[in-house]
Amino acid sequence: CLSVCLSFCLTVFCLFVSLSWERLRAQEHGYVEGSQHVRATRYKTSRFDTSIFILQNAAARSEWPVTEALCRRLADAFASKFQDEVDARQNTSRSKANGGQDRAGTAEAA
């Protein structure tokens, strides 16, 4: 028996429904696309559901149990950041177009 903790998180697109793993719904999560260096945006919202499998040996299960709180933290970590990125870019563009002035007409802090 291994005394070292082994824990892996495997994410794959969802092909079928089962109650044995965490499932993230399409449009509710995202990822960094591999071609982010040639795209206008770094993040992308997923168009498909994603399955998350947690694989652990007994030592890891004892050290890092898979709980509802952990599943929520994983879902939060996978939450799509695409719209936040688009909004931030638009705010930066508006600020530059206004000559560095905010809506009240005062200079923005650096």
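Two residues are in contact when heavy atoms lie within 4.5 Å. The model is predicted: local features need pLDDT of at least 70, side-chain atom pairs count only at pLDDT 80 or more, and totals for chains, interfaces and linings use all residues. Residues are numbered from 1 along each chain as its sequence is written, and side-chain values use heavy atoms, with hydrogens and water left out.

**Exercise 1. Find what share of the contacts in the chain with a separation of 6 or more joins residues 24 or more positions apart, and describe the order of helices and strands.**

Step 1. Residues 24 or more positions apart supply 65% of the contacts with a separation of 6 or more.

Step 2. Helices (H or I, at least four residues) and strands (E, at least two) are DSSP runs, numbered from the N terminus. The chain has three helices and five strands.

Step 3. Along the sequence they follow the pattern β-β-β-β-β-α-α-α.

**Exercise 2. Work out which elements have the lowest and the highest mean pLDDT.**

Step 1. pLDDT is the predictor's confidence in each residue, from 0 to 100. Its mean over the chain is 76, and 75% of the residues reach 70 or more.

Step 2. Strand β2 (residues 22-24) has the lowest mean among the elements, 67, while helix α1 (residues 58-63) has the highest, 91.

Step 3. A word of care: where pLDDT is low, predicted coordinates should not be read in detail.

**Exercise 3. Decide whether S46 is buried or exposed, and locate a polar partner of its side chain.**

Step 1. Buried means under 20% relative accessible area, exposed over 50%, and partly exposed in between (1.4 Å probe, protein chains only). In the chain, buried residues make up 19% of the 110 residues.

Step 2. S46 sits in the loop between β4 (43-45) and β5 (50-56). With a relative accessible area of 6%, S46 is buried.

Step 3. A polar atom of the S46 side chain lies 2.7 Å from the backbone oxygen of F48.

**Exercise 4. Describe the surroundings of V66, then count the disulfides in the structure.**

Step 1. V66 belongs to the loop between α1 and α2 (68-77), and is partly exposed at 42% relative accessible area.

Step 2. Leaving aside residues up to four places away in sequence, V66 touches I54, Q56 and C71. C71 is buried, with a relative accessible area of 15%.

Step 3. A disulfide is a pair of cysteine sulfur atoms within 2.5 Å. The structure holds zero disulfides. C71 is in none, and the nearest cysteine sulfur, that of C9, is 9.6 Å away.

Notes:
Polar contact = N/O pair within 3.5 Å; in protein donor to acceptor, adjacent residues only side chain to side chain.
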